[in-house]
Amino acid sequence: MRSQTRFTIQYAHRFYKFKGEAQYLHGHTGILTIEVSDSVNPGVNMVFPCNEIKKTAWHVLQNFDHALILRQDDPLLPAILDVYGKQGIREGAPNNQMTGPAFKTDLATAYPDCRLVVTKESMTVEGMIKIVYDLLKDKLNIVKITFTSGDNTASECFEVSRSMERCPCCGIALGPDGVCPKCGCRKN
Ligand SMILES: [Zn+2]
Ligand SMILES: [Zn+2]
């Protein structure tokens, strides 16, 4: 069966060298939907607890929330970093606490200290799906990702062949030792 979880992500970006309005810096509230698939875990009667999908994905995705997302060759990037540096917020600020772990993939690099994500390609709705799948494919059995931003929506489906070992008591993914990291139950 499938289970869907929704995330709201507020971000600013622009499409560098694009010949439309989107070449100017602007912001969106994006809606990301992640659909996972697996057997229904007997006893728990869920594919995967929704709050657990949220926790697993948001850990990484919060890097995009209230962030500026710029392409790596965008000249705004050094300009913004220069301003943040002069203002003393480039390496972090006391109230910048909703940060995920820094990450670097072939498609994007997150700098949580200054709420910046630098991407290889323009961060379109299609681009976001590629980045998110790449970040989460090993953590969740993702079969579909949909991203809506303004009037644009893109979605992509993915093949899943494996099944995740889940806790028989609370349903979250078991650790490599077969023990639940949350409640300590073992695989039966
Ligand atoms: Zn936009
Ligand atoms: Zn458990």
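**How much is buried?**

What percentage of the 188 residues in the protein do buried residues make up? Buried residues come to 25% of them, where buried takes 20 or more other C-beta atoms within 10 Å of a residue's own, exposed takes 12 or fewer, partly exposed falls in between, and C-beta atoms are placed from the backbone.

A quick word on ground rules: this is a predicted model, so local features need pLDDT of at least 70, side-chain atom pairs count only at pLDDT 80 or more, and totals for chains, interfaces and linings use all residues. Residues are numbered from 1 along each chain as its sequence is written, while chains are lettered from A and ligands numbered from 1 in the order in which they are written.

**The overall layout**

The protein has three helices and seven strands, counted as DSSP runs numbered from the N terminus (helices are H or I with at least four residues, strands are E with at least two). Reading from the N terminus, the order goes β-β-α-β-α-β-β-α-β-β.

Along the principal axes, the C-alpha atoms fill a box of roughly 55 × 35 × 25 Å. Take the contacts (C-beta atoms, placed from the backbone, within 7 Å) between residues at least 6 apart in sequence: 55% of them join residues at least 24 apart.

**The core and Ile 69**

The largest nonpolar core, meaning a set of buried Ala, Val, Leu, Ile, Met, Phe, Trp, Tyr and Cys residues joined through C-beta atoms within 7 Å, has 27 residues, and Ile 34, Val 36 and Ile 69 touch the most other members. At least two core residues come from each of strand E2 (26-37), helix H1 (50-61), strand E3 (67-71), strand E4 (108-111), helix H3 (125-136) and strand E6 (142-149).

Ile 69 makes contact with Tyr 11, His 13, Phe 64, Val 117, Thr 119 and Met 123, once neighbours within four places in sequence are set aside. Ile 69 also stands opposite Val 117 in E5.

**Strand E5 and its partners**

E5 (116-119) pairs with two strands, pairing being at least two DSSP bridges between them. With E3 the sense is parallel, over four bridges; with E4 it is antiparallel, again over four bridges. In the E4 pairing, Thr 109 has Val 118 of E5 as its bridge partner. E4 and E5 make a hairpin with four residues between them, and Arg 115 in the turn has a positive phi of about 50 degrees.

The faces of E5 split neatly into a covered one, Val 117 and Thr 119, and an uncovered one, Leu 116 and Val 118. In a regular strand, side chains alternate between the two faces of the sheet.

**Two helices, two settings**

H2 (residues 76-87) has twelve residues and reaches 16 Å between its end C-alpha atoms, close to the expected 16 Å, that expectation being 1.5 Å times one less than the number of residues. The number of buried residues in H2 is zero, so this helix lies largely in the open. Gly 88 follows H2, with a positive phi near 75 degrees.

H3 also has twelve residues, and its 17 Å between end C-alpha atoms agrees with the expected 16 Å. Its buried residues are Gly 127, Met 128, Lys 130, Ile 131, Val 132 and Leu 135. They pack against E2, H1, E4, E5 and E6.

**Out past E7**

Val 179 sits in the segment after strand E7 (152-157). With 14 other C-beta atoms within 10 Å, Val 179 is partly exposed. Beyond four places in sequence, Val 179 touches Leu 174, Gly 184 and Arg 186. Its C-alpha atom is 38 Å from that of Tyr 11, 168 residues away along the chain.

Notes. Contact = placed C-beta atoms within 7 Å.
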